[in-house]
Amino acid sequence: MNLSFAPMEGLSYATFRRLHAGFFSGVDQYCAPFLAPDGQGKVKASALKDLQPELNADLRLIPQILCNSAGAFLSLSRELAAMGYQQVDLNAGCPSGTVVPKHKGAGMLLDLKSLDAFLEEVFSHTVLSVSVKTRLGLSDPEEFPALLEIYNRYPLAELTVHARTRDGLYQSTPDLSAFALAFRESKAPVRYNGNLLSPAHTEKVTASLPGLERLMLGRGAMANPALFRMLHGGEKLEQEELRAFLDALFAAYLDSGIGEHFSLNRMKELWYYVHHMFPGAERELKRINKARTKEDYAAAVQDLFRCGRFDPNSAFPGTIPK
Ligand SMILES: Cc1cc2nc3c(=O)[nH]c(=O)nc-3n(C[C@H](O)[C@H](O)[C@H](O)COP(=O)(O)O)c2cc1C
């Protein structure tokens, strides 16, 4: 099995990746949150800094680009190649209401001619291997066969399929039969993504698609950072290692110079997922969310870990794919 940590904007940046890889085994590759270049292919220096090899040592990292201009994509790809990267991923799945109307992210699935022209230009000039992370379509999985026909015209390094349409956002039940078409018919190796939230969710997907080896996990692994290890047959998450991981992460944010306020915000975004490992601990979570200083935060976290609600079998909520 080959397991990939999904790109998660606002969450899975270098500090998180480095600490996660240090505490938990089982991730074959991390996919970085998207870079959104301007028309010339430029991004902020801080966005590129997150991908500096020295901040990402010892882990396989795939950068991702969200844009619909092949020129900008190629120009930024050249910068990534100069930093030592060999592969870049195209985001054709972001469902955001600020992205889709600009025909970016899942909005690229709106106009197949433009998608085809974009890929034609990118694959004619790219210096990197290019993979694509797509959804099944905009509103109907019936859109997928036509999309796949286009993807199959190009030598994609990999096709990750988030088995929902754009309209399904993150809530709809992932559609295994539509995904099965990609798995059967794609010329590129296919990676499954969508609601692999627990070993039971994952077993359902792999049992219904024998031979499927490549999986991508997002929210389930944000809630339970040991999920990759568990899927490789390793131990369940332990309360003490979770505590040590979260404490080390908070200390690393404070050390990184982003300041107390932003360090607290980063941790609160993560707690949105992690608190699912403590079913029924809403009161304690509220205290974490209210913390305005690192001292209040530490006391609230202490309270949560002492409340006795940690359950290693718990998971981020979501339906089993079918
Ligand atoms: C907060 C958040 C940020 C995300 N950021 C990205 C991103 O930068 N690039 C991307 O391709 N997908 C992004 N996604 C989508 C995830 O990578 C993944 O496809 C989605 O969460 C479904 O997988 P899951 O059910 O395992 O969470 C994001 C999702 C969430 C919830």
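A polar contact is a pair of N or O atoms within 3.5 Å. The views below show a predicted model.

**View 1. The ligand and the residues around it in the predicted model.** The ligand is surrounded by 18 residues. Pro7, Gln64, Asn193, Asn195 and Arg219 are the closest of these.

**View 2. Polar contacts of the ligand with Gln64, Gly218 and Arg219.** In the side chain of Gln64, an N or O atom is 2.8 Å from a nitrogen atom of the ligand. Gly218 takes part through its backbone: one of its polar backbone atoms is 2.8 Å from an oxygen atom of the ligand. For Arg219, a polar side-chain atom lies 2.7 Å from an oxygen atom of the ligand.

**View 3. Helix 4 (residues 112-125) and helix 5 (residues 144-151).** The axes of helix 4 and helix 5 come within 10 Å, and they cross at roughly 20 degrees. Angles under 35 degrees count as roughly parallel, and helix 4 and helix 5 are therefore roughly parallel to each other. Their crossing is right-handed. Helix 4 contributes Leu112, Leu115, Asp116 and Leu119 to the contact, and these meet Ala146, Leu147, Ile150 and Tyr151 in helix 5. Of the residues in the contact of helix 4 with helix 5, 7 are nonpolar, none is polar and 1 is charged.

**View 4. Helix 12 (residues 282-290) and helix 13 (residues 294-306).** Here the axes come within 8 Å and cross at roughly 165 degrees. Angles over 145 degrees count as roughly antiparallel, and helix 12 and helix 13 are therefore roughly antiparallel to each other. The crossing of helix 12 with helix 13 is left-handed. On the side of helix 12, the contact involves Arg283, Glu284, Arg287 and Ile288. On the side of helix 13, Tyr297, Ala299, Ala300, Val301, Asp303 and Leu304 are involved. The residues of the contact of helix 12 with helix 13 comprise 6 nonpolar and 4 charged, with no polar ones.

Key: Residues are numbered from 1 along each chain as its sequence is written. This is a predicted model: local features need pLDDT of at least 70, side-chain atom pairs count only at pLDDT 80 or more; totals for chains, interfaces and linings use all residues. Side-chain values use heavy atoms; hydrogens and water are left out. Axes are lines fitted to C-alpha atoms, for helices over the stretch in contact, and angles run from 0 to 180 degrees between N-to-C directions. Helices (H or I, at least four residues) and strands (E, at least two) are DSSP runs, numbered from the N terminus. Angles under 35 degrees count as roughly parallel, over 145 as roughly antiparallel, 65 to 115 as roughly perpendicular and the rest as oblique. A crossing is left-handed if the near helix is turned anticlockwise from the far one by less than a right angle, and right-handed if clockwise. Contact means heavy atoms within 4.5 Å. Ala, Val, Leu, Ile, Met, Phe, Trp, Tyr, Cys and Pro count as nonpolar, Asp, Glu, Lys and Arg as charged, and the others, Gly among them, as polar. A residue is near a molecule or strand if one of its heavy atoms lies within 4 Å of it. A polar contact is a pair of N or O atoms within 3.5 Å; within protein, one must be able to donate a hydrogen and the other to accept it, and residues adjacent in sequence count only if both atoms are side-chain atoms.
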